[in-house]
Amino acid sequence: MPRENYQERLDELRDGVVAMGETVCGRLDDAVEAAVSGDDELARSVIESDHEVNETYLALEDECTELLALQQPVAGDLRLVAASFKIITDLERVADLATNLAAYGGPEGGVHPAVDVRDLGDGAREMVADAVAAYAARDPDACREIAASDDAFDERCREASEAVVRELLEADRARNAARDGAAPTDGEALEASLDDVSQALLAVRDLERIADHAVNVAARTLYMIENDDELIY
């Protein structure tokens with residue numbers, strides 16, 4: 001293959017990864033909105049469009065495989081292809097987690113109010129967008145900043161989970177206090193409350209995982225730029 005065509009394919013691969021990242025961020029925006037508002041139609045749209053991200057992933061995966069097998073890139077080009085292969089995997093998983101998040105809102109309303117899904121969702125989305133931008137701009141400093149921000153995001157998720165559990169315990173104490181001389185506790189209401197709490201904890205877990213995937217993208221990007229694996233391990 002002529003050198004100019006080979007370089008074009010590398011450029012197209014990079015552009016394809018960035019476009020996939022932008023699409024995934026859009027899906028995540030919609031998923032957060034669906035989880036907050038309980039918009040069933042929007043949630044269904046996020047879930048049903050997941051196959052589009054999967055198809056993009058498979059096309060980019062094929063391109064990476066062909067470049068590795070047929071062109072045998074070396075040095076910086078090899079790192080670009082190898083890092084891109086890993087990054088699209090993380091982006092595909094972010095899209096999968098977005099479908100989970102969209103489903104948590106459900107037709108009966110949004111995620112448990114003890115979790116500020118919009119705040120956490122916007123934070124996770126920003127980390128993914130920043131990681132994709134760092135990849136596009138080949139910005140090593142941005143990669144390190146994204147990785148450094150992960151501990152603070154994890155702490156926010158921990159606090160959100162504790163708030164949900166605390167509300168559950170307080171509600172349980174209130175039920176116990178009112179039990180003497182009162183009608184038996186409504187089992188269906190209790191089960192619904194437990195379902196809400198479980199769903200909220202799952203939402204927090206998935207948002208934390210999205211942030212982790214953003215760090216993975218940043219780590220692979222840093223490796224691509226500087227041959228530095230400090231963030232990978």
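**Entry 1: helix α5.** I began with the buried residues of α5 (buried means under 20% relative accessible area with a 1.4 Å probe, protein chains only), and found Val117, Leu120, Gly121, Gly123, Ala124, Met127, Val128, Ala131, Val132, Ala134 and Tyr135. They sit on the same side of α5, because they cover an arc of only 165 degrees around the axis (the arc is taken from the directions from the helix axis to the C-beta atoms).

I noted that this is a predicted model, where local features need pLDDT of at least 70, side-chain atom pairs count only at pLDDT 80 or more, and totals for chains, interfaces and linings use all residues. Residues are numbered from 1 along each chain as its sequence is written, and side-chain values use heavy atoms, with hydrogens and water left out.

I then looked up the span of α5: its 21 residues, 117–137, reach 30 Å from first C-alpha to last, close to the 30 Å expected at 1.5 Å a residue (1.5 Å times one less than the number of residues). Helices here are DSSP runs of H or I, at least four residues, numbered from the N terminus. Just after α5, I found arginine 138 with a positive phi of about 55 degrees.

**Entry 2: arginine 9.** Next I turned to helix α1 (residues 3–37), where arginine 9 is found. Is arginine 9 buried or exposed? I read a relative accessible area of 17%, so arginine 9 is buried. I also saw its side chain make a polar contact of 2.7 Å with the side chain of glutamate 63, and another of 3.1 Å with that of glutamate 66 (a pair of N or O atoms within 3.5 Å, one able to donate a hydrogen and the other to accept it; residues adjacent in sequence count only if both atoms are side-chain atoms).

Key: Helices (H or I, at least four residues) and strands (E, at least two) are DSSP runs, numbered from the N terminus. Buried means under 20% relative accessible area, exposed over 50%, partly exposed in between (1.4 Å probe, protein chains only).
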